[in-house]
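Please look at the sequence and the structure below, and then read the points that follow, which describe how helices and strands are arranged in this predicted model.

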Amino acid sequence: MSKFPVKLLFLPIEKLDNNQVTFAVPKKNFKSAVDRNRIKRQLREAYRLQKEVLNTSSEIKYALLFLYLGKEKPQYEQLETSVNMLLKKMMK
């Protein structure tokens with residue numbers, strides 16, 4: 001599922017103890033590693049602040065991939081709202 005500029009891919013796995021999460025920013029859109037790492041840090045922080053949505057629901061754990069789709073450096077607020085909406089949509 002997608003909420004621009006973030007796309008979420010997930011897979012439910014029953015055998016996991018915790019949720020597994022990874023973040024990706026394509027090198028094609030951001031040549032500089034500094035820019036890619038900054039966006040990944042912002043995505044991690046947005047997820048960290050909202051991960052309770054996943055922990056309170058069921059006993060099924062997930063493997064998650066957050067993929068940044070934009071071509072410009074994002075504002076943190078934009079990433080935070082996208083991650084929040086994706087997590088809520090996933091749990092429905």
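In this predicted model, helix α1, which covers residues 33-50, packs against helix α3, which covers residues 76-91, at an angle of about 45° and with the two axes 9 Å apart. Four strands form an open sheet in the order β1-β2-β4-β3, and both α1 and α3 pack on that sheet.

**The two helices**

- Two packed helices are described by the angle between their axes together with the distance between those axes.
- Angles from 35 up to 65 degrees fall outside the parallel and perpendicular ranges, and α1 and α3, at about 45°, are therefore oblique to each other.
- The crossing in which α1 passes α3 is right-handed.
- On the α1 side the contact is made by Ile 39, Gln 42, Leu 43, Glu 45, Ala 46, Tyr 47, Leu 49 and Gln 50, and these meet Tyr 76, Leu 79, Glu 80, Val 83, Asn 84 and Leu 87 in α3.
- Sorted by character, the residues of this contact between α1 and α3 comprise nine nonpolar, three polar and two charged.

**The sheet and its strands**

- Strands of a sheet pair through backbone hydrogen bonds, and the pairing can be either parallel or antiparallel.
- In the open sheet with the order β1-β2-β4-β3, the pairing is mixed.
- The edges are taken by β1 (2-3) and β3 (20-24), each of which has a single partner strand, so one side of each is left without a neighbour in the sheet.
- Strand β2, residues 6-13, and strand β4, residues 61-68, pair in the antiparallel sense over eight bridges, and Pro 12 has Tyr 62 in β4 as its bridge partner.
- Strands β1 and β2 also pair in the antiparallel sense, over two bridges, with Lys 7 in β2 serving as the bridge partner of Ser 2.
- The connection from β1 to β2 is a hairpin that runs through two residues.

**How the helices meet the sheet**

- Helix α1 packs on the sheet by touching β2, β3 and β4, and its direction makes about 150° with that of β3.
- Helix α3 packs on the sheet by touching β1, β2 and β4, and its direction makes about 35° with that of β2.

How values were computed: Residues numbered from 1 in each chain as written. Predicted model: local features only at pLDDT ≥ 70, side-chain atom pairs only at ≥ 80, totals over all residues. Heavy atoms only, no water. Axes fitted to C-alpha atoms, helices over the stretch in contact; angles between N-to-C directions. Parallel < 35°, antiparallel > 145°, perpendicular 65-115°, else oblique. Left-handed = near helix turned anticlockwise from the far one by under 90°. Contact = heavy atoms within 4.5 Å. Nonpolar A, V, L, I, M, F, W, Y, C, P; charged D, E, K, R; others polar. Pairing = 2+ DSSP bridges.
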